[in-house]
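Q: I would like a close look at one part of this protein, with enough of the surroundings to place it. Please keep to what the model shows.

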Amino acid sequence: MLIGLVTFIALMGFTLGPRMGLSWPEKFMRDTVGFVQGVFYKPASYIAGFFEDVRDMKEVYEENERLKKAVAQYARESAEYNLIKNDNKDLKNKLKFTEAQKQRYEYDYRPANVLSVNQDPNNHTLVIDLGAKDGVRLNMSVTSVEGMVGVISHVGNFTSTVKLLTTLDPQDAKRQQIAATVSNKDTFGIIESYDKKTKMLKMTRIPEDDPVKVKDLIVSSGNGGVIPRGMIIGTVESVEVGEFGLNKTATIKPAASFQDWKTLLVVFTPEEPKG
């Protein structure tokens with residue numbers, strides 16, 4: 001018993017006394033605990049990674065399905081467009097259209113950088129880096145990738161000023177009205193004003209029996225010879241009976257966002273031959 005007591009005291013002194021490293025029992029316990037933690041941690045991390053990979057795979061699959069649908073829709077629309085284009089070309093040839101008539105609706109879209117923006121609500125304009133030296137003319141249409149933005153109101157040698165659709169006001173004698181139609185229907189109307197509160201355009205003079213309805217895509221009709229045909233303006237939000245009940249008025253949500261522009265497109269149309 002005395003020997004056991006001496007041994008116990010020696011071990012206590014060895015454990016509590018100053019030393020450079022761990023004792024073998026402590027090392028054994030630490031290694032054992034570390035091994036057990038590793039046994040449980042690695043499978044847990046593998047499982048967590050597995051579920052994360054499954055989630056990523058699901059997102060990739062869903063994105064792939066969306067892209068497949070978009071490609072399929074593009075293919076259908078592209079095929080339909082080519083058929084219509086070929087039929088149109090054939091009809092023009094049969095009707096003996098002149099070269100000037102054939103090129104009337106062939107527009108050239110030239111990119112322009114936005115140099116500055118005037119935020120005055122009564123004179124909302126911006127300046128672009130294309131001017132007379134580039135062939136820019138008054139009243140040329142300007143569009144973003146989403147839709148029509150405005151028209152050229154002033155032309156300098158190297159820059160031009162664009163008056164935005166947000167300045168349309170029926171009280172302005174110099175306002176630029178836009179003859180408009182539905183992209184796939186025989187309809188008619190005039191885009192004549194913009195409501196700054198609702199941020200909506202107003203389309204008036206729509207005949208009472210016109211088939212225009214909510215969600216229709218509104219484009220310029222080309223009537224009047226100033227705004228070229230086919231410029232995307234926006235979509236119909238609502239249709240109401242107009243003044244005196246003789247026509248309809250439609251509220252149009254603009255396709256363009258009218259903010260944060262860096263680049264726009266100026267629409268160059270073939271000049272009419274001078275007689």
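How many helices and strands does the chain have? Then take the barrel that contains E1 and E2: in what order do its strands close, and which residues are bridge partners in it, such as the one opposite Ser 116 in E2?

A: The model is a predicted one. Its chain has 3 helices and 12 strands. Of its 275 residues, 28% are buried. Among contacts with a separation of 6 or more, 55% join residues 24 or more positions apart. The chain exposes about 19400 Å², and 58% of that comes from carbon and sulfur atoms.

The barrel you ask about is made of 6 strands, which close in the order E1-E2-E5-E4-E3-E12 with antiparallel pairing. From one strand to the next, the twist averages 45°. In general, strands of a sheet pair through backbone hydrogen bonds, in either a parallel or an antiparallel sense.

Start with strand E1, which covers residues 108-118 and pairs with E12, residues 263-268, over 6 bridges in the antiparallel sense. One bridge in this pair joins Asp 108 of E1 to Phe 268 of E12. E1 also pairs with E2, again antiparallel, over 4 bridges. Here the partner of Ser 116 is Val 127 in E2. E1 and E2 form a hairpin, and 6 residues lie between the two strands.

E2 itself runs over residues 125-128 and contains Thr 125. Is Thr 125 buried or exposed? Its relative accessible area is 9%, so Thr 125 counts as buried, the cut-off being under 20%. Beyond residues up to four places away in sequence, Thr 125 touches Val 117 and Asn 118, together with Thr 161, Val 162 and Lys 163. Val 117 and Asn 118 belong to E1, whose range is 108-118.

Further round the barrel, E3 (residues 141-143) pairs with E4 (residues 148-155) through 3 bridges, also in the antiparallel sense. In this pair Val 142 stands opposite Gly 150 of E4.

The nonpolar packing can be followed from Trp 261. The largest nonpolar core has 40 residues, and Trp 261 is one of the three that touch the most other members, along with Ile 191 and Ile 218. Apart from neighbours within four places in sequence, Trp 261 contacts Val 114, Leu 126, Ser 144, Val 149, Leu 164 and Ala 256. Of these, Val 114 falls within the range of E1, Leu 126 within that of E2 and Val 149 within that of E4. In soluble globular proteins, nonpolar side chains tend to be buried together.

For the surroundings, a barrel is also formed by 6 strands in the order E6-E7-E8-E11-E10-E9, with antiparallel pairing. Its neighbouring strands are turned by 45° against each other on average, direction ignored. Within it, E9 (residues 217-220) and E10 (residues 232-241) pair in the antiparallel sense over 3 bridges, and Leu 217 has Thr 235 of E10 as its bridge partner. Strand E7, residues 189-195, holds Ser 193. With a relative accessible area of 11%, Ser 193 is buried. Outside four places in sequence, its contacts are Leu 168, Asp 169, Pro 170, Met 200, Leu 201 and Lys 202. The core residues Ile 191 and Ile 218 lie within the ranges of E7 and E9, respectively.

Note on methods
Residues are numbered from 1 along each chain as its sequence is written. This is a predicted model: local features need pLDDT of at least 70, side-chain atom pairs count only at pLDDT 80 or more; totals for chains, interfaces and linings use all residues. Side-chain values use heavy atoms; hydrogens and water are left out. A nonpolar core is a set of buried Ala, Val, Leu, Ile, Met, Phe, Trp, Tyr and Cys residues joined through side-chain atoms within 4.5 Å. Buried means under 20% relative accessible area, exposed over 50%, partly exposed in between (1.4 Å probe, protein chains only). Contact means heavy atoms within 4.5 Å. Accessible areas come from the Shrake-Rupley method with a 1.4 Å probe; for residues, only the protein chains shown count as cover. Two strands pair if DSSP finds at least two bridges between them. Axes are lines fitted to C-alpha atoms, for helices over the stretch in contact, and angles run from 0 to 180 degrees between N-to-C directions.
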